[in-house]
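Here is my note on the structure, written as numbered points so that you can follow each one in the viewer. Please keep the sequence open beside it while you read.

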Amino acid sequence: MKSVISLVIRYIPRPILQTVSPLAMKALSLFNRGNEVTCPICNSQYKKFLPYGRKARENALCPSCLALERHRLMWLYLQEKTNFFTGSLKVLHVAPEHCFIDRFEALPNLEYITADIESPLAKVKMDVHSIPFPDNSFDVVFCNHVLEHVDDDILACSEFNRVLKSGGWGILQSPVYDLEKTIEDKTITDPAERERLFGQRDHVRKFGKDYAERLRKSGLQIEENTFVKTLPEEKVKRFALAPDEIIFVCRKGN
Ligand SMILES: [Zn+2]
């Protein structure tokens, strides 16, 4: 089962996976009936979540809403540490995740705008290097698992900084590896070579431990938030969170 899922994830483009997979996932979830884990996003309970990833991680994917560890952690962080669910906020969500879109759209306190360069799930077609909104437009920006794909991650972050209002904040997650410094080489365009060096066929860099420092060059303030460490162990288990995950919280800088 693990290897079948890995193969599917590897060869089926994600937008297609996101639109056709819910039914298949529902079928798979029948095998995982139980109440050992709870998805805080959709409130489904299972014996465990499904394995997910190229090197499949056990207990990762919620079959009901397709949330992964990082999505569940972000949801809990938004609930416990921000006014996202109650404040009157204008939100820009780049490359919106399937598990969040309908739920965020339904929040009456938000003016919620989804954007992407290609995803059929987003309302505004947009390139993060040149965001088609005026300065100081948004209270909140989310852009997860995008910056490893774009030509100029720092330019994209300066754009976020520009469109954030004073006091605005956001979350900018990307895969961060155990490397001292980010590696990138724009001359490499061969997908196989990109996969070998950067971890995926459409990645143009591999972020290292300098991720936060690097994004600060854009003018954004970046906090490496260890919210998961403040949660009791039962919650980390119950919600199947990654115990070392860092949330990269940005705030408008200069
Ligand atoms: Zn779920």
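1. In which loop is Ala240 found? Before answering, please bear in mind that this is a predicted model, and that the values below were computed from it. Ala240 is found in the loop between helix α8, residues 233–238, and strand β13. Its backbone deserves a look, since phi of Ala240 is near 45°, which is a positive value in a residue other than glycine. Ala240 is also buried, with a relative accessible area of 6%.

2. A positive phi also turns up at Ala95, where the angle is about 50° although the residue is not a glycine. Ala95 has its place in the loop between β5 and α4. The relative accessible area of Ala95 is 19%, and it counts as buried because the limit for that word is under 20%.

3. The loop between β5 and α4 (98–105) also holds Glu97, which counts as buried at 9% relative accessibility. What does Glu97 touch, once its neighbours within four places in sequence are left aside? The residues in contact with it are His71 and Asn144, and with Asn144 there is a polar contact of 3.0 Å that joins the two side chains. As a check on distance, you may compare Glu97 with Pro191, which is 94 residues apart from it along the chain, and find that their C-alpha atoms are separated by 24 Å.

4. Please turn next to the metal site. The zinc ion is coordinated by the SG atoms of Cys39, Cys42, Cys62 and Cys65, at 2.3 Å. Along the chain these donors follow the spacing C-x2-C-x19-C-x2-C, a pattern that you can trace in the sequence for yourself. Why is the arrangement called tetrahedral? The 4 donor atoms subtend angles of 104 to 115° around the zinc ion, and the arrangement is therefore tetrahedral. For comparison, the ideal angle for four tetrahedral donors at a metal is 109.5 degrees. Among the donor residues, both Cys62 and Cys65 are buried.

5. Ser44 is worth reading together with the metal site, as one of the residues that it touches is Cys39, a zinc donor. Ser44 is found in the loop between β1 (37–38) and β2 (45–46), and it is buried, with a relative accessible area of 15%. Not counting residues up to four places away in sequence, Ser44 touches Val37, Thr38, Cys39 and Ser64. With Ser64 there is a polar contact of 3.2 Å, which joins the side chains of the two serines.

6. The domain assignment of the protein gives domain 1, residues 2–67, and domain 2, residues 70–251. How far apart do the C-alpha centres of domain 1 and domain 2 lie? The distance between these centres is 22 Å. As for the interface, 21 residues of domain 1 are in contact with 17 residues of domain 2, and between them the two domains bury about 1700 Å², with 56% of it on carbon and sulfur atoms.

7. Helix α5 covers residues 153–163, and 8 of its 11 residues are buried, so the helix is largely enclosed by the rest of the structure. The buried residues include Asp153, Ile154, Phe160 and Val163. What covers them includes the strands β5 (89–94), β8 (138–143) and β9 (164–171), and also the helix α7 (211–216). At the N-terminal end, α5 is capped by Asp152, which has a side-chain oxygen 3.2 Å from the backbone nitrogen of Ile154.

8. My last point concerns Arg205, which lies in strand β11, one of the elements that cover the buried residues of α5. Is Arg205 buried or exposed? At 1% relative accessibility, Arg205 counts as buried. A polar atom of its side chain lies 2.8 Å from the backbone oxygen of Val150, and a polar contact of 2.9 Å joins the side chains of Arg205 and Glu184. Not counting residues up to four places away in sequence, the residues that Arg205 touches include Asp152 and Asp153, of which Asp152 is the residue that caps α5.

Technical notes
Residues are numbered from 1 along each chain as its sequence is written. This is a predicted model: local features need pLDDT of at least 70, side-chain atom pairs count only at pLDDT 80 or more; totals for chains, interfaces and linings use all residues. Side-chain values use heavy atoms; hydrogens and water are left out. Donors are N, O and S atoms within 2.8 Å of the metal (3.2 Å for Na, K and Ca); water is not among the atoms, so sites may look incomplete. Four donors count as tetrahedral if all angles lie between 85 and 135 degrees; four count as square planar and six as octahedral if opposite donors are over 155 degrees apart and all others between 65 and 115; anything else is irregular. Buried means under 20% relative accessible area, exposed over 50%, partly exposed in between (1.4 Å probe, protein chains only). Helices (H or I, at least four residues) and strands (E, at least two) are DSSP runs, numbered from the N terminus. Contact means heavy atoms within 4.5 Å. A polar contact is a pair of N or O atoms within 3.5 Å; within protein, one must be able to donate a hydrogen and the other to accept it, and residues adjacent in sequence count only if both atoms are side-chain atoms. Domain bounds come from an automatic or database domain assignment. Buried area is the accessible area (1.4 Å probe) that two parts lose on being put together, summed over both.
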